[in-house]
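Colleague: I should like to learn how such a model is read, feature by feature. May we begin with the charged side chains?

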Amino acid sequence: MGNETVKKDGKGFSKLRWSLILVFLIANILVVFSYSNTNLLALDTFLVTALLFILAVVHGTERYGKKNILIFFLITWAVSFSFENLSIATGFPFGFYHYSPSLGLLTVPLIIIFAYFAIGYLSWVLSHILTGQYSKKLEGKQIFIVPFIAAFIMVMWDLSVDPISSTLQGFWVWTYPGAYFGVPISNFFGWFLVVYLFFQIFALYLYKYDSVNAKIVSKLSNKPYWIEATVVYGITGLGTILSIFYQYNDITVSMALITVFTMIFVTILALINILNNPELK
């Protein structure tokens, strides 16, 4: 009986999480058919973000538990919400902008906070994969390396979506359009600063409070678990590539090309890393 349980755990395949991933894939494809209707597009954007958030919570709870994944959410919320409001008021660190009422009536819509957390979590996991931190507690130089790499991975996402979401779809509007397809260059340096801060804060928190017991190690030694987050990140990139069906122009084609050589490349690199790791089952 005990051996059967170990074998079952060893497979590490979660029907729940993979079912959610399939729904997430379908939702990203269906967004293509909502582009002609602004209200439907906003609704589908909420759906995709909600699914992304749920996947991050479910996947993250397996590794960190409910308390620590809540801590991660609260850290991302506090840091991102503070800097978003600061930038809207002062222009630092992103630039001057405002959000469309289609995302909500708040100055910083709640969907933005959920997106920060969800994409942040995926970037965090991929950074662990690329640095070989699978079932290990962050220690030594990895306390600073993992957040640094995760920040780059997360900015890749904003690099590919911001021109479409702001310039074309108008989900947020830049007061002083910049050189990157209407987006100020300061936005991306600001993004790197903000996301690095909440990654670093979480890393320092984990250094003190994280615990990796035998049960967690057993879960984290499975390839399917790590592939899940990698695939979700890749599907998010696919959603940007499919925007060429929204409008086929310089912006959407350029963002699709950029996504292939940033997000999709990182996805492929992470998958190769997982599949070639002899320590994972």
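Modeller: Let us start with Glu-62, which counts as partly exposed because its relative accessibility is 26%. Please bear in mind that the model is predicted.

Colleague: With which residue does the side chain of Glu-62 meet in a salt bridge?

Modeller: Side chains of opposite charge can pair when their charged atoms come close. Here the partner of Glu-62 is Lys-219, at 3.7 Å from N to O. This pair joins distant parts of the chain, with Glu-62 in helix 3 and Lys-219 in helix 7 (residues 214–220), 157 residues apart. Lys-219 is likewise classed as partly exposed, at 29% relative accessibility.

Colleague: How many salt bridges does the structure hold?

Modeller: There are 3. One of them is formed by Glu-228 and Arg-17, whose closest N and O atoms are 2.4 Å apart. Glu-228 belongs to helix 8 (residues 223–241) and Arg-17 to helix 2, with their positions 211 residues apart in the chain.

Colleague: Why is Glu-228 classed as buried?

Modeller: A residue is called buried if its relative accessible area is under 20%. Glu-228 is buried because its relative accessible area is 2%, and Arg-17 counts as buried because its value is 8%. A further salt bridge is that of Arg-63 and Asp-210, at 2.6 Å from N to O. Arg-63 lies in helix 3 and Asp-210 in the loop between helix 6 and helix 7, 147 residues apart. Both Arg-63 and Asp-210 are buried.

Colleague: At what angle do helix 2 and helix 3 pack?

Modeller: The angle is about 160°, and the axes are 10 Å apart. Angles over 145 degrees count as roughly antiparallel, so helix 2 and helix 3 are roughly antiparallel to each other. Their crossing is left-handed.

Colleague: Which residues make the nonpolar surface patch?

Modeller: Leu-22, Ile-26, Ile-29, Leu-30 and Phe-33 make a patch of about 500 Å². Among them, Leu-30 is located in helix 2 (residues 15–30) and is partly exposed, with 47% relative accessibility.

Colleague: Which peptide bond is cis, and which residue that is not a glycine has a positive phi?

Modeller: Most residues other than glycine have a negative phi, and most peptide bonds are trans. In this model, the bond from Phe-92 to Pro-93 is cis, with omega near 10°. Pro-93 sits in the loop between helix 3 (38–90) and strand 1 (97–99). Phe-181 has a positive phi of about 50°; this residue is in the loop between strand 2 (172–174) and helix 6 (186–209). Its relative accessibility of 29% makes Phe-181 partly exposed.

Definitions and conventions
Residues are numbered from 1 along each chain as its sequence is written. This is a predicted model: local features need pLDDT of at least 70, side-chain atom pairs count only at pLDDT 80 or more; totals for chains, interfaces and linings use all residues. Side-chain values use heavy atoms; hydrogens and water are left out. Helices (H or I, at least four residues) and strands (E, at least two) are DSSP runs, numbered from the N terminus. Buried means under 20% relative accessible area, exposed over 50%, partly exposed in between (1.4 Å probe, protein chains only). Patches are made of residues with over 30% relative accessible area and no salt bridge: like charges are joined within 9 Å, nonpolar side chains (Val, Leu, Ile, Met, Phe, Trp, Tyr) within 5 Å. Accessible areas come from the Shrake-Rupley method with a 1.4 Å probe; for residues, only the protein chains shown count as cover. A salt bridge is a side-chain nitrogen of Lys or Arg within 4 Å of a carboxyl oxygen of Asp or Glu. Axes are lines fitted to C-alpha atoms, for helices over the stretch in contact, and angles run from 0 to 180 degrees between N-to-C directions. Angles under 35 degrees count as roughly parallel, over 145 as roughly antiparallel, 65 to 115 as roughly perpendicular and the rest as oblique. A crossing is left-handed if the near helix is turned anticlockwise from the far one by less than a right angle, and right-handed if clockwise.
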